[in-house]
Structures are given as C-alpha cells and as structure tokens.
Amino acid sequence: MENLISVKDLTKTYRTGDVDVHALNSVSLNINKGEFVAISGASGSGKSTFMNILGCLDTPTSGSYSMDGLDVPGRNKNELAELRNSKFGFVFQSFYLLPRTSARENVELPMLYNKKVLSNEMEEKALNALKSVGLADRAGSMPNQLSGGQQQRVAIARALVNDPVIIMADEPTGNLDSRTSYEIMEIFQKLNDNGITIVMVTHEPDIAQFAKSNILFKDGKIIANNPVKERKNATEELKKIAEPAEEKPAS
Amino acid sequence: MRILNLLKLAYRSLNRNKLRTFLTMLGIIIGVASVIAMLAIGEGSNQNIKASVASLGTNSIMIFPGTANQGGVRQGASSTQTIKLEDVGAIATRCDLINHISPVDQKRVQAVYGSQNWSTTILGVKNDYFIIRSLTIAKGSSFTTSDDRAAAKVCLVGVTVVLNLFGDENMNPVGQIIRIHSIPVKIIGILTKMGQNTFGQDQDDIIISPFSTVQKRMMSSTPYVNSILASGISEDQIGDAVDEITSLLRENHKLAPSDDNDFTVRTQSDISNIFGTISKVMTILLASIAGISLLVGGIGIMNIMLVSVTERTREIGIRMAIGAKGRDVLMQFMIESIVISFIGGLIGILLGIVASWLVGKFGGWPIVITLSSIILSFVFSAAIGLFFGWYPARKAAALNPIDALRYE
C-alpha cells in the first residue's frame with residue numbers, strides 16, 4: 001500500500017523555566033494511504049503534540065516528517081498554511097465552528113483560503129459537503145441552533161470540502177453521547193471506505209475499535225501499534241442501540 | 001483571500017457589533033467633520049478679511065511726485081510737481097493691467113455754512129476714484145462727467161463735515177450751499193459713513209468735488225496733479241502693473257537710464273499680506289486642533305481593533321488551522337479598520353459640510369468649503385485607519401495557530 005505519512009525520530013521539546021519537557025521522544029511511524037488510525041494514551045503522553053505536528057499546526061524540534069511525498073520541516077508559516085488547506089481536514093473535540101455564522105458559510109471557510117476554488121462554485125461545493133454528512137436541510141442554521149452531533153457533522157463537512165488526502169480528528173467524540181459518537185464513526189468509516197486516510201486521537205477504547213489500527217502513546221513514545229482484531233461497524237452498532245430501545249417498554 | 005470576500009467579512013463583523021462600530025466610527029466622523037468645518041471657517045474668514053482689506057483698496061496703486069533735491073537739501077516726499085494730468089491719460093490708455101484711474105488733487109480748506117465753519121480736506125477726483133476706494137453715496141447722487149467738464153460747483157460731503165457744519169449727523173443737507181474759499185458749492189450727496197481707517201484717521205472728514213472744479217477754482221489751474229490713484233485688474237498682478245506704470249512714466253518724463261525716478265509708485269498689498277498671514281495662522285491653528293481630534297479617533301480605532309483581535313483569537317486560530325495565512329488574517333483586520341475610517345470619513349464629510357453650513361447660516365460667519373479641505377481630511381482619515389489598524393492586525397497575523405485555538 002502507498003505510503004502517506006512517514007515520520008522518523010521526531011522529537012519535540014518544550015522549555016518551561018529551566019526544565020526541558022520532552023513531549024515527543026524520538027517517535028517513528030509510517031501511515032499508509034487508506035488507513036484509519038486511532039491514537040490513544042493518557043493526557044500528557046504526547047499524542048496531541050504528535051497530532052499537531054502531523055497536522056502541520058506545530059513544528060518538531062528535530063526529526064524528519066514527510067507527508068504525501070513532501071518534506072514538512074523547514075517550511076515557513078505560509079507554506080504550512082497552504083499544506084493544511086490543501087491536504088488536511090481538521091475535526092476538533094469542541095467543533096470550532098465560527099459563531100453566528102451559518103453552517104454553509106462555516107463549510108465555505110477553507111475554500112476562501114484556497115485559490116483553486118472559484119467564488120461561484122463555493123456554495124455548491126459547501127452544500128454537497130453538507131449533504132454528504134446528512135445536513136443538507138440545515139445549511140442556513142447557526143451553530144447555536146444545532147445539536148452537538150450536528151455541529152460536529154458541519155465540522156466534518158468543512159474538513160471535507162477541499163478534498164483532503166487525510167482527516168485529522170482530535171477527540172472528535174469527546175463532547176458527544178455514545179449514540180451520536182457512533183453516528184460520527186459511521187461517517188468516518190464511510191469516508192475511509194471511499195479512500196480517505198483518517199488519523200484520530202481518542203481516549204475512549206470503544207471508539208478506537210472503529211479504527212483499523214490502534215497506536216498507544218506513553219511518555220512521548222509509541223509503546224504499541226496493533227491492528228484492530230475485532231473491528232466494529234458503526235452502522236451495525238447503531239442498529240444494536242436502536243433495537244433494545246424499542247423493546248424496553250415491553251419488558 | 002479575494003477582496004470582495006474580505007469586504008463581506010469586514011461588513012459582517014462590523015455589523016455584528018453595531019453600537020461598538022458606530023462609537024468607533026464616531027471618533028473619525030467628529031474628527032473629519034471638525035477638520036472640514038474648521039477649514040471652512042478659516043477659509044471663510046480669510047476671504048472675508050481679504051475682501052474687507054480689498055475695500056480699503058489693496059489692489060490700488062498710488063503715484064506721487066518725487067523728492068526735490070535743491071543743492072543737496074532734500075525736501076521730503078511729494079515736494080516737487082512732476083506728475084501732469086496727461087500722465088493720467090497715458091496710463092489709462094497704455095497700461096493693460098490698470099482698470100481704473102483718477103487724478104487726485106488734495107487741499108486743506110475752511111468750509112463755511114451759515115455761522116459754522118470747519119477745517120477739512122477737499123479732494124478733486126474723477127468718478128473712477130469712487131470705484132477704486134469702494135465709496136458709496138448714502139443720500140443724493142454723485143457728480144457726472146459733464147460736471148467735471150464744466151468744473152461745476154458741486155460737492156459730496158462726509159458725515160463728519162455734515163455734523164460740524166449743520167450740527168446734526170442725520171440731517172439731510174443735499175441741495176444746501178456751503179462756501180469753500182469764498183466759492184459757493186452745492187452739496188449734491190452724502191458719502192456713506194466709513195468710520196476710522198486702519199490707522200485711526202476719520203475717513204468721513206472729507207469733501208469730494210469733481211477734479212476740474214478743484215483744479216481750476218481752488219488750485220490755481222496748474223497742469224500738475226498732487227497724486228494719481230489707480231487700481232490694478234488683479235491683486236496678483238499688482239507688481240507687474242507697478243513696473244508697467246514706472247516704465248511708462250520714465251518714458252513720458254524723458255528720464256535717462258541713469259536718472260532716478262521723479263515719482264514714487266506705492267501699493268497697499270503689504271497690508272493685505274499681513275492680514276493674509278494672520279488668517280493663515282488662525283486656520284492652521286483651528287485645523288490642527290481638529291486634526292488632533294481625528295488622531296484621537298484613530299487611537300479609538302486601534303483600541304477597538306486590539307479588543308477585537310483578543311476577542312476573536314479563537315476565530316483567528318480556526319481560520320489559521322484550516323489554511324489562512326498570516327497575510328489573510330492581516331488583511332481581514334486591516335480591511336475592517338479601513339472600512340471604519342473610510343465610512344466614518346464619508347459621514348464626517350457630510351456632517352462637516354452640514355455643520356459649516358449651519359455656522360454660516362446661524363452664526364453669520366462666512367463659510368468657504370474647499371475641495372482640497374475635503375480631500376485632505378478624507379485622505380488623512382483613511383491614512384489613520386491604515387496606520388492604527390496595522391498594529392492590531394499585525395498582532396493577529398503573528399498568532400500561532402495552536403495557541404490561538406487553545407485561547408479561552
């Protein structure tokens with residue numbers, strides 16, 4: 001399978017006062033195209049720092065990182081911004097939608113910074129992206145009129161709109177109940193089936209079961225990298241939740 | 001990002017905080033309006049002063065005979081008789097930069113009416129004199145050219161003369177006969193009261209008669225005249241007019257190049273220059289005070305933009321995470337402050353024009369709004385938007401995406 005992300009001896013050191021904190025300690029990893037990786041670990045284990053560096057939001061102290069055949073370290077802020085815009089889609093725990101801005105306009109946002117998209121195609125592309133996450137009818141809604149799950153789906157639509165090669169999701173289900181979490185996982189699995197690579201940080205073991213492989217971080221190092229043995233299918237899990245709920249009144 | 005999107009974005013964000021946007025704009029509005037109003041008032045008073053100085057005859061030119069020098073003893077100004085009536089005619093026909101000209105004969109006389117008498121000055125002039133000095137007739141009428149040709153025994157009197165000969169400033173002596181040097185002269189008009197001139201002289205203590213009347217009946221009919229009063233066609237060309245007259249008179253008086261002038265040409269443009277300078281200083285003073293309020297308005301913009309950047313740190317983080325470059329964020333905030341100052345500037349121009357108009361209408365102050373004052377204040381306000389918007393925008397653009405995202 002084609003290699004998408006290749007990381008070698010990646011180190012990130014923060015300096016707080018006189019003490020050096022090694023957030024990442026010589027991490028090496030390869031992620032292929034079409035993968036669905038779940039990263040977990042205790043807080044402070046370095047998983048978020050790793051995600052930020054992979055997502056070109058942060059720069060490593062040392063080590064090499066190539067993404068889709070491009071070397072990342074050494075690039076300036078503008079080049080990193082262009083990379084984030086064209087190659088990545090971001091999904092965050094707190095959704096990070098712009099307040100008082102309609103769902104459609106939130107989805108249009110990445111296209112505003114993409115020179116390849118013409119002004120007159122933006123609306124159509126945004127509506128298509130919303131349709132793909134099942135929110136075609138909520139295009140005009142403001143974020144505060146949407147439920148958490150709907151907001152996260154708008155955020156996913158925003159991540160998809162520039163046709164990214166990879167989606168970086170930082171605890172995408174952290175603020176959602178389990179049913180809504182499964183709905184989000186259902187979307188992720190569908191996207192993954194369509195060939196989009198997904199890297200997801202999560203501390204919920206059952207959510208990690210929807211991925212194809214699990215990586216465990218501890219003290220700035222990867223201590224385990226295993227394929228998921230009994231991978232769960234979100235569509236089926238949703239059915240399982242729905243059935244007992246219908247039977248409840250009878251019992 | 002495209003400029004249209006940036007404008008849309010700026011409009012949206014300004015529209016979201018309407019009151020705040022309005023208050024920020026108010027600083028610029030008041031600044032621009034006061035600059036325009038102050039410049040309008042300054043320019044109005046400048047032109048007003050110029051007009052009143054001009055009524056004293058700033059573009060007037062006086063020609064006096066030169067100084068006599070007898071065996072090394074110099075006799076002071078106008079101690080010779082060198083200017084003839086034909087010089088007046090020559091200047092009138094040959095100098096293009098002169099539009100009005102009158103010979104002036106002047107004499108101290110004792111005027112008598114009934115039991116009253118009064119020592120005053122009689123001027124013998126042609127009708128152009130009234131135009132040059134902007135003299136007007138309050139009662140009765142002026143003399144005509146045929147009066148001048150006939151050396152008619154008529155005169156116009158100032159109110160001080162009326163007061164002293166008739167005992168009452170307000171009575172109408174038109175038609176009465178006064179005696180000047182035993183010559184009976186009929187009063188045909190009263191000059192409009194002028195009061196004191198700049199130097200404290202009573203300008204109403206005067207009698208004016210046709211030139212030939214004074215010349216032939218009171219000055220023993222010499223071909224010489226005391227002085228000539230002329231006016232140039234424009235104030236700017238007074239210097240050229242003086243040169244023109246000088247060379248013409250030198251030619252007529254047959255002076256060799258080595259000879260000094262046997263006459264003196266004087267203008268009053270110096271007075272006008274002094275008043276012009278005073279008024280310019282006043283205008284600059286007023287405008288700079290107004291300019292300071294515009295500057296304060298600019299600081300208001302900067303203050304609000306800084307608050308806005310802090311408030312929207314999360315938004316900046318989101319935009320940067322999904323691909324906004326530093327310059328996109330910079331432009332976003334710059335456009336916002338430029339829009340504030342631009343719209344504020346436009347409203348300020350309208351308000352400034354209205355305010356100037358009100359001052360002119362109800363304050364009785366002359367108002368002149370010049371295009372240059374509008375352009376100046378508008379460009380200044382736009383520049384303030386740029387200048388004070390730059391720092392907050394720069395601050396926003398320099399944010400690190402992760403730090404901005406995590407900002408609470």
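Visitor: Which residues of α5(A) meet which residues of α6(A)?

Guide: This is a predicted model. In α5(A), the residues are A:G149, A:Q152, A:R153, A:I156 and A:L160. In α6(A), they are A:T180, A:E183, A:I184, A:I187, A:F188 and A:L191. By kind, the residues of this contact divide into 6 nonpolar, 3 polar and 2 charged.

Visitor: What makes α5(A) roughly parallel to α6(A)?

Guide: Start with the angle. Helix α5 covers residues 148–160 of chain A, and helix α6 covers residues 178–193 of chain A. Their axes come within 10 Å and cross at roughly 20°. Angles under 35 degrees count as roughly parallel. Therefore α5(A) is roughly parallel to α6(A). The crossing is right-handed.

Visitor: Why is α10(B) called oblique to α11(B)?

Guide: Helix α10 (residues 313–321) of chain B and α11(B) have axes that come within 10 Å. The axes cross at roughly 140°. Roughly antiparallel needs an angle over 145, and roughly perpendicular runs from 65 to 115. The angle fits neither class, so α10(B) is oblique to α11(B). This crossing, too, has a hand: α10(B) and α11(B) cross in a right-handed way.

Visitor: Which residues meet there, in α10(B) and α11(B)?

Guide: B:E315, B:I316, B:R319 and B:M320 come from α10(B). They meet B:G326, B:V329, B:Q332 and B:F333 of α11(B). The contact divides into 4 nonpolar, 2 polar and 2 charged residues.

Visitor: Which residues have the most contacts inside the largest nonpolar core?

Guide: They are A:F50, A:Y65 and A:F188. The core has 116 residues. Its largest share, 8 residues, comes from helix α11 (residues 326–362) of chain B. Apart from this core lies another, of 22 residues, including B:I63 and B:V88.

Visitor: What is A:F188 in contact with, leaving aside neighbours within four places in sequence?

Guide: Its contacts are A:F36, A:V91, A:I156, A:A169, A:P172, A:I198 and A:M200. A:I156 also appears in the meeting of α5(A) with α6(A).

Visitor: How do you know whether A:T49 is buried or exposed?

Guide: Compare the value with the cut-off. A:T49 has 12% relative accessibility. Buried means under 20%. So A:T49 counts as buried. The residue lies in helix α1 (residues 47–54) of chain A. Leaving aside neighbours within four places in sequence, A:T49 is in contact with A:K12, A:Y14, A:A23 and A:L24.

Visitor: Why does B:G195 count as partly exposed?

Guide: Its relative accessibility is 22%. Buried needs under 20%, and exposed needs over 50%. The value falls in between, so B:G195 counts as partly exposed. B:G195 sits in the loop between β9 (183–191) and β10 (206–210) of chain B. Beyond its neighbours within four places in sequence, B:G195 is in contact with B:Q201, B:D202, B:Q203 and B:D204.

Visitor: What is notable about phi of A:F95?

Guide: Phi is near 70°, a positive value in a residue other than glycine. A:F95 is found in the loop between β6 (88–92) and α3 (103–112) of chain A. Its relative accessibility is 9%, so A:F95 counts as buried.

Visitor: What is phi of A:E171, and where is that residue?

Guide: Phi of A:E171 is near 45°, a positive value in a residue other than glycine. A:E171 is in the loop between β7 (166–170) and α6 of chain A. At 11% relative accessibility, A:E171 falls under 20%, so A:E171 counts as buried.

Terms used. Residues are numbered from 1 along each chain as its sequence is written. Chains are lettered from A and ligands numbered from 1 in the order in which they are written. This is a predicted model: local features need pLDDT of at least 70, side-chain atom pairs count only at pLDDT 80 or more; totals for chains, interfaces and linings use all residues. Side-chain values use heavy atoms; hydrogens and water are left out. A nonpolar core is a set of buried Ala, Val, Leu, Ile, Met, Phe, Trp, Tyr and Cys residues joined through side-chain atoms within 4.5 Å. Buried means under 20% relative accessible area, exposed over 50%, partly exposed in between (1.4 Å probe, protein chains only). Helices (H or I, at least four residues) and strands (E, at least two) are DSSP runs, numbered from the N terminus. Contact means heavy atoms within 4.5 Å. Axes are lines fitted to C-alpha atoms, for helices over the stretch in contact, and angles run from 0 to 180 degrees between N-to-C directions. A crossing is left-handed if the near helix is turned anticlockwise from the far one by less than a right angle, and right-handed if clockwise. Ala, Val, Leu, Ile, Met, Phe, Trp, Tyr, Cys and Pro count as nonpolar, Asp, Glu, Lys and Arg as charged, and the others, Gly among them, as polar.
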